[in-house]
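Colleague: I should be grateful for a close look at one part of this structure, namely a place where two helices meet. Please also set that part in the context of the whole chain.

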Amino acid sequence: MSARATPDEIQAALVAIGGVAPALESLVETAAALRGLTADNPPAGGYVGVRPALNGTISVYVNRQFADVALEPERARSVALQRGWKLLRSNSVTGRVRVPAAVLTSPETIELVTKLVLEAIDKSLDGPRYEGGTAGSHSEERSYEVCPVHNEEMLGGVCEKCE
Ligand SMILES: [Zn+2]
């Protein structure tokens, strides 16, 4: 028996998407040691939607090489600006900041991202009830990139105002 904190269904879902970067795996494990977490297995949509075990919407969309962390819109925007990470929006109640696995190298950054993940989980707990990984979360799927400076949608990944 390992002492791994990550619940079996999350671990199996991470394997099901082809495995994720070790830094993301340990990020999930750290969060799972601090909060009760779960995820749909099998995962839908090429990512693992990590969310509170009890109730709540998806907090972190774990992909193979990055994780989208669902935060308060202004919080996501300021983190994206400070760090130069991508900002995505899918609805009016969250902004998602895209954390590449490659940045999780220094203790300071790992600590920051762990804090962001815990914020996202706590936000999920306060949000609407999770309605399932397919039809119920359909509206969550439509996410688009936003310029963190101008807070507007970037068509084709380019901000017209920044140009
Ligand atoms: Zn811009």
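Modeller: The account below begins with the chain as a whole and then turns to the pairing of two helices. The model is a predicted one. Its protein chain contains five helices and seven strands, and their order along the sequence is α-α-β-β-β-β-α-β-β-α-α-β. The radius of gyration is 15 Å, close to the 15 Å that the globule rule gives for 163 residues, so the protein chain is as compact as a globular protein of that length. Along the principal axes, the C-alpha atoms fill a box of roughly 55 × 40 × 30 Å. Buried residues make up 36% of the 163 in the protein chain. Where contacts link residues at least 6 apart in sequence, 60% of them join residues at least 24 apart.

The part chosen for closer inspection is the meeting of helix α2, residues 22-34, with helix α4, residues 107-126. The axes of these two helices come within 10 Å and cross at roughly 50 degrees. An angle of that size makes α2 oblique to α4, and the crossing of the pair is right-handed. On the α2 side, the residues that take part are L27, T30, A31 and L34. On the α4 side, their partners are V113, T114, V117, L118 and I121. Sorted by class, the contact of α2 with α4 comprises seven nonpolar and two polar residues, with no charged residues.

Technical notes: Residues are numbered from 1 along each chain as its sequence is written. This is a predicted model: local features need pLDDT of at least 70, side-chain atom pairs count only at pLDDT 80 or more; totals for chains, interfaces and linings use all residues. Axes are lines fitted to C-alpha atoms, for helices over the stretch in contact, and angles run from 0 to 180 degrees between N-to-C directions. Helices (H or I, at least four residues) and strands (E, at least two) are DSSP runs, numbered from the N terminus. Angles under 35 degrees count as roughly parallel, over 145 as roughly antiparallel, 65 to 115 as roughly perpendicular and the rest as oblique. A crossing is left-handed if the near helix is turned anticlockwise from the far one by less than a right angle, and right-handed if clockwise. Two residues are in contact if their C-beta atoms, placed from the backbone, lie within 7 Å. Ala, Val, Leu, Ile, Met, Phe, Trp, Tyr, Cys and Pro count as nonpolar, Asp, Glu, Lys and Arg as charged, and the others, Gly among them, as polar. The radius of gyration is taken over C-alpha atoms; the globule rule is 2.2 Å times the number of residues to the power 0.38. A residue is buried if 20 or more other C-beta atoms lie within 10 Å of its own, exposed if 12 or fewer, and partly exposed in between; C-beta atoms are placed from the backbone.
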